[in-house]
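This report introduces a protein structure to a reader who has not met it before. Please consult the sequence and the structure shown here while reading.

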Amino acid sequence: MNPVRTTIGTAQPATGTDTAAATATPAAAAPAARLVNVVKEYRLRRSSLFGRREVLQAVGGVSLTIARGETLGLVGESGSGKSTVARLLMRLVEPTAGTIEICGTDVTNLRGRALRQVRRNAQMVFQDPYSSLDPLSPLKESIGEPLRIHRRMGRRARADRVGELLAQVNLRQQYGDRYPNELSGGQLQRAATARALAAGPELLVLDEPVSALDVSTQAQVINLLQDLQEELGVAYLFIAHDLSVVRHISHQIAVMYLGRIVEIGPADQVYERPAHPYTAALLSAVPVPDPVRQRSQTKIPLRGDIPSPTQPPAGCRFHTRCPFAMEICREQDPPPYRTPAGVTTYCHLHEHGPRLAGAPVTALRPAEAPAHVGGKAAGKGDDAA
């Protein structure tokens with residue numbers, strides 16, 4: 001069931017399925033996409049002749065499952081690794097470790113024709129549609145290119161199908177004769193979506209598809225995507241900064257920080273009962289149209305910037321900015337904790353210190369940070385980093 005359509009800025013519930021373990025699954029029953037412990041590292045140039053080559057870990061062991069016909073929203077600050085996950089899923093960059101599956105097929109090591117055949121099932125819509133469309137070709141040529149490559153359609157059949165695709169994204173057929181520079185941002189994003197749908201994919205990877213659009217156009221594109229999902233049964237990986245936008249379209253929400261997932265679960269649960277301080281901080285930054293609610297909303301400030309991925313902090317990667325950081329956060333990477341509501345979070349607060357045991361982290365205040373962990377006093381420096 002798709003989330004309820006609404007205007008940007010209001011809330012509605014959504015349902016979804018949780019992250020699944022990697023198992024051998026028949027293609028017909030397999031999810032649209034699955035990532036299992038995927039890692040992506042880049043080796044940087046030496047700073048000097050005898051210096052060591054630093055390793056930048058853009059993605060550090062991400063596992064995600066996208067069910068067929070559903071939407072997984074992926075959120076986080078710039079530099080958290082969201083776009084790298086999208087490119088790994090599309091095999092635009094090579095993973096360092098882990099497994100990537102599309103519609104039950106392991107694509108981690110596919111090459112050439114075999115990879116091209118699988119890519120019919122997964123297409124990508126980029127943040128800047130102008131850069132993904134040929135500026136020297138009319139839209140009908142760009143939209144028809146996947147039909148020629150993947151479907152082997154002749155010119156007349158392609159022209160008919162392009163007209164159908166333009167109608168699906170609410171563009172008149174004559175727009176096919178226009179060039180990208182003759183269209184508005186919203187029209188370009190619709191054309192880019194039509195091009196992605198041309199191959200008949202099971203999955204669309206949408207990397208910041210509405211971030212460059214004004215609010216009214218955002219709502220139109222989000223509603224269009226919901227209509228297409230209902231009509232075609234296509235699954236989405238929807239990447240954005242804005243949690244309020246993501247909630248409108250998502251069945252599940254995954255929150256990413258410094259290359260790792262810190263919380264994932266049904267959209268309404270993640271939004272209403274955040275189980276990780278980072279999720280709560282992102283939500284507290286979302287403007288509320290009601291001034292009374294806005295003033296009463298608890299703010300959880302984030303101190304400083306995301307640490308360098310070449311030198312990630314030991315223990316929990318968020319502890320350097322967390323107002324509830326404890327000694328154990330600095331020493332141990334938090335294991336996954338599943339709340340009674342079906343949310344999986346990676347935070348020590350649920351089993352140590354205040355022992356939230358699945359309660360929302362918004363029940364705490366920064367001044368209420370745990371005074372000790374494991375019987376050891378946690379000095380003043382444990383309240384915040």
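## Overall description

What does the accessible surface of the protein come to, and what percentage belongs to carbon and sulfur atoms? The accessible surface is about 17,700 Å², and 50% of this area belongs to carbon and sulfur atoms. The model is a predicted one.

The protein has 385 residues, of which 51% count as buried. Its secondary structure consists of twelve helices and 14 strands. Among contacts between residues at least 6 apart in sequence, 65% join residues at least 24 apart.

## The eight-stranded sheet

Eight strands form an open sheet with mixed pairing, in the order S6-S7-S8-S3-S9-S10-S12-S11. Strand S6 (122-125) and strand S11 (337-338) stand at the edges; each has a single partner strand, so one side of each is left without a neighbour in the sheet.

At one of these edges, S6 runs parallel to strand S7 (residues 203-207), and four bridges join the two. One residue pair can be named here: Val125 has Leu206 in S7 as its bridge partner. In general, strands of a sheet pair through backbone hydrogen bonds, either parallel or antiparallel.

## Glu263 in strand S10

Strand S10 (residues 260-266) contains Glu263. This residue is buried yet has no salt bridge, and the nearest side chain of opposite charge, Arg273, is 9.0 Å away. What does the side chain of Glu263 reach at 2.9 Å? The side chain reaches the backbone nitrogen of Ala275 at that distance.

Leaving aside neighbours within four places in sequence, the residues in contact with Glu263 include Ile253, Ala254, Val255, Val270, Pro274, His276 and Thr279. Also among them are Val343, Thr344 and Thr345.

## Salt bridges between separate parts of the chain

Side chains of opposite charge can pair when their charged atoms come close. The structure holds twelve salt bridges. One of them is formed by the side chains of Glu101 and Arg34, at 3.3 Å from N to O. Glu101 lies in strand S4 (residues 97-102) and Arg34 in strand S1 (residues 33-43), so this pair ties together parts that are 67 residues apart in sequence. Glu101 counts as buried at 13% relative accessibility, and Arg34 is buried with a relative accessible area of 4%.

The side chains of Asp207 and Arg87 also meet in a salt bridge, at 3.2 Å from N to O. Because Asp207 lies in strand S7 and Arg87 in helix H1 (residues 82-89), the pair ties together parts that are 120 residues apart in sequence. Asp207 is buried, with a relative accessible area of 4%, whereas Arg87 is partly exposed, with a relative accessible area of 27%.

## Helix H4 and a salt-bridge network

Helix H4 (residues 139-150) includes Pro146. Is Pro146 buried or exposed? With a relative accessibility of 8%, Pro146 counts as buried. Not counting residues up to four places away in sequence, Pro146 touches Arg151, Arg195, Ala198 and Ala199. The C-alpha atoms of Pro146 and Gly200 are separated by 9.5 Å, although the two residues are 54 apart along the chain.

A salt bridge in this helix brings together the side chains of Arg148 and Glu145, at 3.8 Å from N to O. Both residues lie in H4, three residues apart, which is about one turn of the helix. Arg148 is partly exposed, with a relative accessible area of 41%, and Glu145 counts as partly exposed at 31% relative accessibility. Elsewhere, Arg91, Glu94 and Arg111 are joined into one network by salt bridges that share partners.

Technical notes
Residues numbered from 1 in each chain as written. Predicted model: local features only at pLDDT ≥ 70, side-chain atom pairs only at ≥ 80, totals over all residues. Heavy atoms only, no water. Buried < 20%, exposed > 50% of the residue type's maximum accessible area, 1.4 Å probe, protein only. Lys, Arg positive; Asp, Glu negative; His and termini not counted. Salt bridge = Lys/Arg side-chain N within 4 Å of Asp/Glu carboxyl O. Polar contact = N/O pair within 3.5 Å; in protein donor to acceptor, adjacent residues only side chain to side chain. Contact = heavy atoms within 4.5 Å. Areas by Shrake-Rupley, 256 points an atom, 1.4 Å probe, with all protein chains shown as cover. Pairing = 2+ DSSP bridges.
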